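Morning, everyone. I have one structure to go through today, and I will keep it brief. Please look at the picture while I talk.

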Amino acid sequence: MTDESSDQFDAIIIGAGMAGLYQLYRLRELGMSVRVFEAGSDVGGTWYWNRYPGARFDSESYSYGYSFSKELLEDWEWKEHFSGQPENLKYVNYVADKFDLRREIQFDNQVKACHFNEASKSWTVTLEDGSRATCRYLITAIGVLSVPVMPVIDGIKNFEGESFHTGEWPHEPVDFRDTRVAVIGTGATGVQAITEIAKTVGHLTVFQRTPNYCAPLHNGLITPEEQSEIKANYDEIFSKCKTSHGAFIHNPVRGKAVDQTPDEREEFYEKLYTERGFGIWMGNYRDIMIDEAANETISQFIKKKIRARVEDPAVAEKLIPHDHGFGTRRLPLESGYFEVYNQNNVKLVDVRETPIERVTAKGVQTSNQEYEFDYIIYATGFDAVLGAFNRIDFRGVGGVTLKDKWAAGPRTFLGIQVEGFPNMFTLVGPHNAATFCNIPRCIEQNVEWVSDLFRHMQAKGHTSVAATKAAVDEWTEHVHETSERMLFTKVDSWFMGINQNLKGRDTRKFLLYAAGVPKYNEMCDEVAANGYKGFTFGT
Ligand SMILES: Cc1cc2nc3c(=O)[nH]c(=O)nc-3n(C[C@H](O)[C@H](O)[C@H](O)COP(=O)(O)OP(=O)(O)OC[C@H]3O[C@@H](n4cnc5c(N)ncnc54)[C@H](O)[C@@H]3O)c2cc1C
């Protein structure tokens, strides 16, 4: 039954990042009444929260921005090939202002529960302050990397200096000059933050558990000539993204690594190493992500580069991964990361050799010494993909919780709907191509697909839509079948739902979609063309 005491909307969107904002824009066009609830105090999502030094795109800026408005593409000028967080946040704000999106957004409102009412086929959404709202359609735009995770270390609260998680960075810049700083974590965020902090810090100590292969970003300012070229070629840029596996401007080359001579391979890898962005990951030989022998060739190439860039051979060896192959975990892109370890005011501590025992009032105690700091920075990442879902008490038909439904791993149809959760849509959800791509490209596809579904329902007079069990079973099988060959399914990482800092997250459960964006889009289009086969409709 609809809750009489609550506000009622056609649709509620949770989250005002890139996904939530675009969905709001499209639902307005459909004439729906919409409310967006956002935990943060403003728009931006990732770019609102992650203000740490060095935070920037790994996507080419011009391939990341929204493509839906020609006017927006004409108005906005990216300054750098890989734009930094302050500019990215300005961009999202610019979009929100241009399309007057804020008036339907309620900020500082964390959604705690979403319960489905079977009689009225509507959702009741409960906020942190206990207030409620109801809607026919519930759309989650809660992000894949939006729930920061702290490490499990005793004594974190005892530290008397200042400490921050990179995903909840203060809004004022932090000055590290003449201070002693610890960074814990060397994933994509740690690599960006360490490189930037090392430029001004008094002394920096990096605590590393898992070294990562990293490759140069090769950022640079966009020249006026490049700007004109970008603007003239937006159609081409976006159509290139549409045909690429990960919706980037990079696409694998035709040949296989194992079919080349060592010299040919070396020459090609050298070329990729000097080029911008994810080319070395996404624009490499096709077999490096599926064939261990092929993967070994690029892994060795990157190891050689690390050895050449780090002066102390013992430090270089610590920075080289020995338990996984190149690209099987999220590849950090860097701008002088390895050279940081040549500075005499930077120390690398390998916590596999000397584990952290606890955080003390003064700093960090490892198994062999206490280090004293003014700042401790936790670059320990996120509860990826599932975290934002797990924070909300979702209950579908029969009061079944989403947590129970996904206890053995996510089960969805198209990564967009869950059986038993009618009228609920998971933008950039698990098993959706958007989790493993140049995300805004996939956000636009997700949003447009859901909006078309609503248009279809409006035309037919339907007010409820539910994925069938058969469709969910088939999709889940497709997701697993198409990922089996991928080498990253053999490695512990957030792609596989592993997080050593979270209880019960030590069993591999594939969270992404690996068959590629073109395949995903094709399958979504096919479902729509067949009258939304796999869904049942009602009134
Ligand atoms: C440092 C960093 C760099 C990145 N770089 C790239 C890149 O180069 N290319 C790329 O494609 N992707 C990148 N990403 C991924 C990035 O998350 C996406 O590009 C994109 O911003 C996702 O948009 P979104 O709207 O789906 O989610 P988010 O931007 O994560 O927004 C989700 C919003 O939902 C809100 N929310 C969540 N739960 C609730 C709740 N219960 N109640 C109310 N509000 C809630 C959050 O506060 C947040 O504002 C990066 C991520 C990080 C962390």
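**The ligand and its surroundings**

A polar side-chain atom of Y64 sits 2.6 Å from an oxygen atom of the ligand. Keep in mind that this is a predicted model, and the distance is computed from it.

How much of the ligand does the protein bury? On its own the ligand exposes 970 Å², and 96% of that is buried by the protein.

Which elements give two or more residues to the shell around the ligand? They are α1 (18-29), α2 (46-49) and α16 (439-460).

There are two more polar pairs to point out. T46 has an N or O atom in its side chain 2.7 Å from an oxygen atom of the ligand. For A19 the partner is a polar backbone atom, 2.9 Å from a ligand oxygen.

The ligand has 35 residues around it, and those that come nearest are E38, T46, D58, S59 and Y64. Sorted by class, the shell holds 21 nonpolar, 11 polar and 3 charged residues.

Now to α1. Is this helix mostly covered or mostly open? It is mostly covered, with 10 of its 12 residues buried. Among the buried ones are M18, A19, G20 and L21. So A19, whose backbone we met beside the ligand, is buried in α1, where "buried" means under 20% relative accessible area.

The length of α1 can be checked as well. With 1.5 Å a residue, its 12 residues should span 16 Å, and the end C-alpha atoms are 17 Å apart, so the two values agree.

Last item: just after α1, G31 has a positive phi of about 75°.

Definitions and conventions
Residues numbered from 1 in each chain as written. Predicted model: local features only at pLDDT ≥ 70, side-chain atom pairs only at ≥ 80, totals over all residues. Heavy atoms only, no water. Near = heavy atom within 4 Å. Polar contact = N/O pair within 3.5 Å; in protein donor to acceptor, adjacent residues only side chain to side chain. Areas by Shrake-Rupley, 256 points an atom, 1.4 Å probe, with all protein chains shown as cover. Helix = DSSP H or I, 4+ residues; strand = E, 2+ residues; numbered from the N terminus. Nonpolar A, V, L, I, M, F, W, Y, C, P; charged D, E, K, R; others polar. Expected span 1.5 Å × (residues − 1). Buried < 20%, exposed > 50% of the residue type's maximum accessible area, 1.4 Å probe, protein only.
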